[in-house]
Structures are given as structure tokens and as C-alpha cells.
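Trainee: I would love a close look at one part of this protein. Could we go through its pockets together?

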Amino acid sequence: MIDDLWYKNGVFYCLSVGTYMDANGDGIGDFKGLLRRLDYLHGLGVTAIWLMPFQPSPGKDDGYDISDYYGVDPRYGTLGDFVEFTHGCQQRGIRVIIDLVVNHTSDAHPWFRDARSSPDSRHRDWYVWANKRPASASKGMVFPGVQKSTWTHDKEAKAWFFHRFYDFQPDLNTSNPYVQAEILKIMGFWIQLGVSGFRMDAVPFVISTKGAKVRTPVEQYDMLRTLREFLQWRQGNAIILAEANVLPETDMEYFGKDGDRMHMMFNFHVNQNLFYAMASADSRPLAKALKATKPRPASAQWGLFLRNHDELDLGRLTKVQQAVVFKNFAPDKNMQLYDRGIRRRLAPMLGGDRRRLELAYSLMCTLPGTPVIRYGDEIGMGDNLDLPERNCARTPMQWSTEPHAGFTESEKPCSPVIDEGPYGYEHINVAQQRRDPNSMLNWTERIIRMRKEVPEIGWGDFRVIATRDPAVLVIRYDWRNNSVLFVHNLDEKPREVSFSVGVAGDDGKHLINLLSEKHSEAHDRGKHSLMLEAYGYRWYRVGGLDYLLKRTDIDGVNANHPE
Ligand code: NOJ
Ligand code: CA
């Protein structure tokens with residue numbers, strides 16, 4: 001296996017152009033502004049940007065309601081500005097992936113306007129219609145509490161249309177070959193403008209059978225192979241990162257048994273168990289989730305995240321586990337959303353406790369996969385719970401102590417900048433943290449640099465190492481004759497643990513700390529004993545720092561592991 005698949009050992013950063021940096025002073029972030037901040041991102045060390053939707057849109061679902069797939073919303077700039085941006089990224093060695101939102105369009109899209117105009121219109125069959133209200137109309141809502149149904153009557157069409165999400169997002173009939181051809185065309189278009197792939201929205205719904213008569217939707221997995229084939233024919237190293245919150249036993253259907261479907265998927269299963277682990281100081285369900293999501297083709301990769309632009313969905317946890325997470329991280333009803341999740345940003349969830357934030361990031365960076373950071377989390381930004389639904393965690397980036405955090409010169413930013421309390425921009429901003437060697441920002445930069453120097457995480461095989469203490473997670477990776485080992489104490493109290501590294505020979509006796517001078521030598525019986533402070537974490541290289549000399553070209557050579 002070649003070892004330069006760029007997405008296997010990178011650090012992704014997700015942002016939306018509208019809330020990042022406003023260059024022309026109209027209160028809305030734009031591509032020109034983003035371009036001016038690329039050196040910041042380059043300095044931070046991220047290897048790829050995941051850009052949220054920026055196409056023309058009524059903006060009722062933060063751009064996930066697209067009305068033209070082949071353009072840039074004029075509020076953000078022009079296609080010219082977009083290409084300047086992708087070029088600027090290329091100059092700095094940063095890849096760009098963009099959202100591919102093709103499960104549905106906006107109801108303002110000309111396709112839908114045509115479709116609703118007459119049963120004989122060219123685009124009628126691009127959407128999903130029924131003459132009567134289907135029995136399933138009150139089932140399958142993605143936004144319970146806000147969304148009332150999945151079928152809505154359209155007066156003009158004199159028919160009901162299907163919408164998995166909000167009623168202004170009619171589902172595309174993705175089984176229609178014309179729609180399928182259009183999806184490929186959209187991918188081809190943006191690839192041509194310099195992107196390296198797509199974060200594909202709502203994948204299970206895109207590939208599901210849809211319609212009034214469909215009782216149990218069935219996923220048509222072959223569609224995934226078609227998308228990949230097309231993409232890789234157009235550009236060999238482009239990828240698709242799938243948003244698919246599915247059960248572990250289904251993962252391989254998405255990756256493809258031969259690695260011929262999605263290159264990456266977000267690991268929702270680990271995400272929820274990770275938050276449970278942090279809330280309960282019990283690492284066992286997390287270890288179980290890691291094992292359950294272990295099988296994947298060699299070329300595939302997990303995207304690992306803590307928080308994103310949506311609610312933290314806890315739907316996979318048991319009711320008891322959910323209650324533990326809510327109690328610890330979102331005790332007020334106002335912090336919860338859609339009967340299943342938490343809408344806060346990470347820093348306030350963790351009480352702004354630097355030790356817990358570092359622990360969380362250290363875990364995200366050392367679990368199997370590629371970390372995906374949400375903009376603003378690198379400085380510990382907060383949320384504004386006065387804003388509705390998920391908007392609370394989508395406020396403008398806090399750059400400095402200038403008015404509106406240096407995000408805009410306008411009096412009225414598109415979304416209010418957080419300006420009060422401990423997370424207000426006067427306390428939390430990039431400019432100050434840059435100057436402070438001990439800031440969260442500089443810590444994040446260092447951890448990203450170190451993460452990139454540990455390809456074993458992205459490429460290697462892992463195993464969870466037994467300790468007697470459920471509060472402590474020990475995980476080891478092996479790749480090309482080298483091993484690394486990570487220890488995390490989830491508890492608020494200090495913990496003492498001992499364990500064997502599990503590699504044969506003398507290497508396992510020495511653990512070289514990558515982040516401090518606290519190395520560890522095994523005692524007589526070959527075991528290591530560590531005293532971990534509350535929420536403490538350790539990154540070790542097994543054996544010594546001569547790993548580049550020891551690294552072999554293929555796996556399994558000189559391997560001195562007993563298993
Ligand atoms: C998933 C996106 O992450 C979310 O923000 C959006 O509302 C839905 N898909 C609908 O596109
Ligand atoms: Ca602007």
C-alpha cells in the first residue's frame with residue numbers, strides 16, 4: 001500500500017465562509033476574507049479545509065438548501081474569488097473539500113419550481129411526489145420538535161412532496177438517472193475549479209429508495225461506487241468523506257469491501273462513545289466502539305471529530321448513558337436539541353477547563369482516523385444559546401479585541417459575535433492567544449504538528465491495552481516496524497496504572513514521551529507504572545526516537561511483536 005494517500009494522515013479543519021472573515025464590510029464573511037486568513041490556517045498546520053455550503057441559497061438551513069449547484073452565493077463573492085481561494089490553498093499545500101448536498105435542493109431551485117409547475121414538466125420526476133398524503137408522513141423526521149412531517153402538500157403542484165429534512169428542502173429523486181447524471185456533473189464542475197473532494201451530506205438518505213410506497217427504505221450501495229469511479233477518473237487523488245451516521249455493521253457497505261466506495265466516513269459511533277467516556281470516566285464503551293469500527297479497507301479512513309456545526313447526536317447511546325452525558329455536559333433543556341443531542345460548543349460543555357479540553361483534543365488526535373477540527377475550537381470559542389437550534393454554535397470567528405472581534409467592520413454582523421461572558425471576544429480571540437505561548441491556540445498548533453509526525457495513527461494497526469482501571473485508556477499502534485502508545489486518564493482524580501506495552505524484545509521497556517521530558521522505563525517485571533494527573537494524557541514512542549531509521553518499507557518485516 002502506498003503511504004501518501006493524503007487524507008489518511010492529515011488534520012482537517014471545517015469552516016463556513018460566511019462566519020469566518022468579512023473583507024468587504026457588509027457583515028458577511030466572504031472568500032476574499034477567507035483568502036486573507038489562509039496563512040493563519042497554514043500556520044496552524046491543517047492539511048485540508050472542509051468548506052461548508054457556499055452556493056446560492058435562500059439560507060434557511062445555513063446553505064444546506066441550495067438553489068444553484070454551479071455558482072457562489074453573491075454574498076460570499078464570485079466564482080473568480082472561489083478559484084483565488086482554491087489556488088491560495090494549493091500554494092500553501094492545503095487541500096479543499098466542499099459539501100456535496102444532493103439529497104435535496106432548496107424549494108427555490110429552478111428544478112423544483114419547474115417540477116411543481118406541472119405533472120408534465122421536465123423536472124417533475126426529479127423529485128418525489130404523491131397524490132395523497134402518505135401514511136408515513138408523520139414518520140422519519142430528522143429534526144423532531146421542529147419539523148412536523150416528511151411529506152408536505154404543495155398547492156401549485158396539487159400534490160404532496162417528500163422531504164427528509166425541513167419542508168423547504170424537497171428530496172431529489174436520486175434513483176432517476178437524469179438526477180444521477182447531474183450529481184456527477186456537479187462533482188466534475190468543482191473538481192475542475194480546484195477542490196480535492198467532497199463531504200457528502202446525508203449519504204444514507206441520498207442512496208435510499210424514496211417514495212410514497214416505500215415502507216422500509218433500502219440503501220442502494222452501488223450508487224457509491226459509481227460516484228467514486230467518476231470522481232477518481234476525473235482526478236485520481238480526490239476523495240469523498242461521507243456523512244453517514246450508521247451502525248458499525250453497515251460501515252463496510254459504505255467503504256466497500258474492496259475499498260471501492262467511500263474513502264472516508266465520520267465516525268459517529270466513536271464520537272458518541274467518546275463523549276460518554278469523558279462524562280462517565282469509563283473508557284470501556286469507547287474501547288468497544290473502537291473495536292466495532294475497526295474493520296475497514298486499508299485505503300479507507302475515519303474522520304474523527306468532537307463537535308461540528310450540528311448538534312452532538314447521542315442517539316446511539318442507551319437512555320442511561322445519554323442521561324449521564326446530558327447531566328455532565330448539557331444540564332439545561334435549552335442546551336439540548338431534537339430529543340437526542342447537545343447543541344453547545346465544546347469549550348462550554350467542558351466548563352472551559354483547559355485540562356479537559358486538552359484531554360478531548362488529545363483523544364481526538366490519537367484515536368484511529370483523521371482529526372477534523374471545527375473552526376474556533378482551536379481557541380476554545382463558546383456558544384450563544386439565545387440563537388435558535390444549531391445556530392448557537394455558528395457564530396463568527398473571534399480574531400481580535402477589535403469591534404466585532406475583527407470579523408467585520410460592519411455595524412451589523414450576519415450573526416452576532418459573542419461579546420459577553422467568559423467566551424466573549426475580549427477574552428477569547430486569536431490575536432491574544434497568538435502572543436501567549438501557553439494559549440490553547442499554541443497548544444493546538446503543537447499538537448497538530450506532533451500528530452502529523454505520528455503516521456502510525458493514520459496508517460497503523462491498533463490495539464487497546466488492558467489496564468485494571470476503566471478510567472484509563474491505553475492504545476498502541478504498530479506500523480512498519482514502529483510502535484507508538486497513548487495513555488489518557490478520563491477521571492478528575494489522579495490515577496496510577498501499570499501495563500505491559502506488549503511488544504517483544506527490549507523496545508517495550510522504553511517509552512519516550514513526545515510532549516514532555518517525562519519518559520518511562522519499565523520496572524523489573526517489564527511493566528510500566530505511571531502516575532497520571534487528573535485528565536492527564538501521554539504520547540509515547542516505543543523504544544526510542546530512531547524510528548525513521550527503523551522504519552521498514554512494508555509492514556511485517558523485522559516485526560518483533562509477539563502476536
Ligand atoms: C446534514 C448537515 O450537516 C446539516 O447541517 C443539514 O441541516 C442537513 N444535513 C440537511 O442538509
Ligand atoms: Ca462580506
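Trainee: How much space lies in the second largest pocket?

Mentor: Happy to help! This is a predicted model, in which local features need pLDDT of at least 70 and side-chain atom pairs count only at pLDDT 80 or more, while totals for chains, interfaces and linings use all residues. Residues are numbered from 1 along each chain as its sequence is written, chains are lettered from A and ligands numbered from 1 in the order written, and side-chain values use heavy atoms, with hydrogens and water left out.

The second largest pocket holds about 580 Å³ of space (a pocket is an open set of points on a 1 Å grid over the protein atoms alone, where a 1.4 Å probe fits, with protein on both sides within 12 Å along at least five of seven lines; the volume is the space filled by probe spheres set on the points). Its lining comprises 28 residues (those with an atom within 4 Å of a point), and Gly 59, Asp 62, Asn 391, Arg 394 and Ser 415 lie nearest the centre. By class, 11 of the lining residues are nonpolar, 9 polar and 8 charged (Ala, Val, Leu, Ile, Met, Phe, Trp, Tyr, Cys and Pro are nonpolar, Asp, Glu, Lys and Arg charged, the others, Gly among them, polar).

For context, the largest pocket contains about 870 Å³. Around it are 35 lining residues, with Val 142, Phe 165, Phe 205, Asn 245 and Asp 313 nearest its centre. Two or more lining residues come from each of helix H6 (203–206), helix H9 (268–280) and strand E11 (312–313) (DSSP runs numbered from the N terminus: helices are H or I, at least four residues, and strands E, at least two). H6 gives the largest share, 3 residues. In this lining, 15 residues are nonpolar, 8 polar and 12 charged.

Another site to inspect is the calcium ion (ligand 2). Its protein donors are Asp 22 (OD), Asn 24 (OD1), Asp 26 (OD), Ile 28 (O) and Asp 30 (OD), lying 2.3 Å from the ion (donors are N, O and S atoms within 2.8 Å of the metal, or 3.2 Å for Na, K and Ca; water is not among the atoms, so sites may look incomplete). Along the chain, these donors follow the spacing D-x1-N-x1-D-x1-I-x1-D. Asn 24 has 54% relative accessibility, so this donor counts as exposed, whereas Asp 30, at 4%, counts as buried (buried is under 20% relative accessible area, exposed over 50%, partly exposed in between, with a 1.4 Å probe and protein chains only).
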